[in-house]
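I opened this model to look up how its helices pack and where a pocket lies between them. My entries follow the order in which I checked each point.

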Amino acid sequence: MSDSLERLYLAVLAARDLDPATSRTARLFQRGPSKMAKKLAEEAIEVVIDAVNGDSEAVIRESADLLYNLTVLWASAGVRPEDVWREMTRREDMLGIAEKLPKSPMKLPKVASPRVAARRPIVALEGRTARKRH
Ligand SMILES: N=c1c2ncn([C@@H]3O[C@H](COP(=O)(O)OP(=O)(O)OP(=O)(O)O)[C@@H](O)[C@H]3O)c2ncn1[C@@H]1O[C@H](COP(=O)(O)O)[C@@H](O)[C@H]1O
């Protein structure tokens, strides 16, 4: 998947300066980030509607449109696919650490203070909250 998104990203960069009369991508760049954001949001809503309606073929088609429009917005924002992959890897690593943390107080080693024992699961939750924020 990352390969085809990288190819699409390069195609978007190549189309950026084409004639807006013939290139949708060039037209989006001409109209600017607000138009790009609007197109991205519209495609996201279409995916959601198709998923709720159980139309998986339409979900596939609209997802491809969604990814195209996301790629256009990345290019406009100066974000490269590898920047996103790096963030995903960082989260994967963090989740790996969170999964190694004890999730049940039953598995915790016995401690003298019940306050400490009660606080331990929050360590895992903090990791997950931090992951969502970034
Ligand atoms: N991969 C895509 C791609 N995927 C989806 N789309 C979008 O496909 C949608 C077309 O579907 P519709 O006909 O339903 O369009 P619409 O939303 O009704 O109408 P408009 O977007 O025209 O306003 C548009 O939103 C496009 O922006 C794409 N447009 C271009 N590409 C690739 O981008 C590169 C540059 O292409 P040009 O933009 O044509 O130069 C090429 O490699 C293309 O293959």
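The entries below concern helix contacts and the largest pocket in what is a predicted model.

Entry 1, α2 and α3. I looked up helix α2 (residues 24-31) against helix α3 (residues 33-52) and found that their axes come within 6 Å and cross at roughly 125 degrees. I therefore recorded α2 as oblique to α3. On the α2 side I listed Leu28, Phe29 and Arg31, which meet Lys35, Met36 and Lys39 in α3. I sorted the residues of this contact into three nonpolar and three charged, with no polar ones.

Entry 2, α2 and α4. I then took α2 with α4, whose axes come within 11 Å and cross at roughly 50 degrees. I noted that this makes α2 oblique to α4. I registered the crossing of α2 and α4 as right-handed. In this contact Arg24, Thr25, Leu28 and Phe29 of α2 meet Tyr68, Asn69, Val72, Ala75 and Ser76 of α4. The contact of α2 with α4 comprises five nonpolar residues, three polar and one charged.

Entry 3, the largest pocket. Which helices each supply at least two residues of its lining? I found that α2, α3 and α4 (56-77) do so, and that the largest share, four residues, comes from α2. I put the volume of the largest pocket at about 210 Å³. I wrote down its lining as Arg24, Arg27, Leu28, Arg31, Lys35, Lys39, Glu43, Tyr68 and Asn69. By class, I entered six charged residues in that lining, two nonpolar and one polar.

Conventions. Residues numbered from 1 in each chain as written. Predicted model: local features only at pLDDT ≥ 70, side-chain atom pairs only at ≥ 80, totals over all residues. Heavy atoms only, no water. Axes fitted to C-alpha atoms, helices over the stretch in contact; angles between N-to-C directions. Parallel < 35°, antiparallel > 145°, perpendicular 65-115°, else oblique. Contact = heavy atoms within 4.5 Å. Nonpolar A, V, L, I, M, F, W, Y, C, P; charged D, E, K, R; others polar. 1 Å grid on protein atoms, 1.4 Å probe; cavity = no way out; pocket = protein on both sides within 12 Å on 5 of 7 lines; lining within 4 Å. Points joined across faces, edges and corners; volume = space filled by probe spheres on them. Left-handed = near helix turned anticlockwise from the far one by under 90°.
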